[in-house]
Amino acid sequence: MEKEHKHCQSCRLPFKNSLEHRAMNSDGTLNYTYCKYCMDEGEFRNPEWTIKDMKKHIKHQMVSSGVPKILANFMFYGLKGLERWKKK
Ligand SMILES: [Zn+2]
């Protein structure tokens, strides 16, 4: 049984209780680790991304949806503890 995360382990998007943000595996089952914005059919959408690219992406998303830059920066705090960025 795969561990169920509360946030996407790539971009930290909160899943809450809904399944709508969860990625799909290549066999059609739900992926419990990553969101559909990071993963599609079991593959990362941007496999070459580093944590730096992810931060840039999130900041852009947040700022363009009206979140103040300073708050966007604060959101990065938990990123490096996520599965995708932990080891390697
Ligand atoms: Zn994600």
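Two residues are in contact if their C-beta atoms, placed from the backbone, lie within 7 Å of each other. The structure on display is a predicted model, in which local features need pLDDT of at least 70, side-chain atom pairs count only at pLDDT 80 or more, and totals for chains, interfaces and linings use all residues. Residues are numbered from 1 along each chain as its sequence is written.

Select the whole protein chain to begin. Among its contacts with a separation of 6 or more, 41% join residues 24 or more positions apart. The C-alpha trace spans about 40 × 30 × 20 Å along its principal axes.

Next, display the chain as a cartoon. Three helices and four strands appear, where helices (H or I, at least four residues) and strands (E, at least two) are DSSP runs numbered from the N terminus. Their order along the sequence is β-β-β-β-α-α-α. The radius of gyration, taken over C-alpha atoms, is 13 Å, close to the 12 Å that the globule rule gives for 88 residues, so the chain is as compact as a globular protein of that length. That rule is 2.2 Å times the number of residues to the power 0.38.

Now select helix H1, residues 51–64, and within it Lys 55. Is Lys 55 buried, exposed or partly exposed? Lys 55 is partly exposed, because it has 18 C-beta neighbours inside 10 Å; a residue is buried with 20 or more other C-beta atoms within 10 Å of its own, exposed with 12 or fewer, and partly exposed in between, with C-beta atoms placed from the backbone. Of the 88 residues in the chain, 17% count as buried.

Add Phe 76 and Leu 79 to the selection: Lys 55 touches both, when residues up to four places away in sequence are not counted. Finally, select Asp 27, which is 28 residues from Lys 55 in sequence and 30 Å from it in space, C-alpha to C-alpha.
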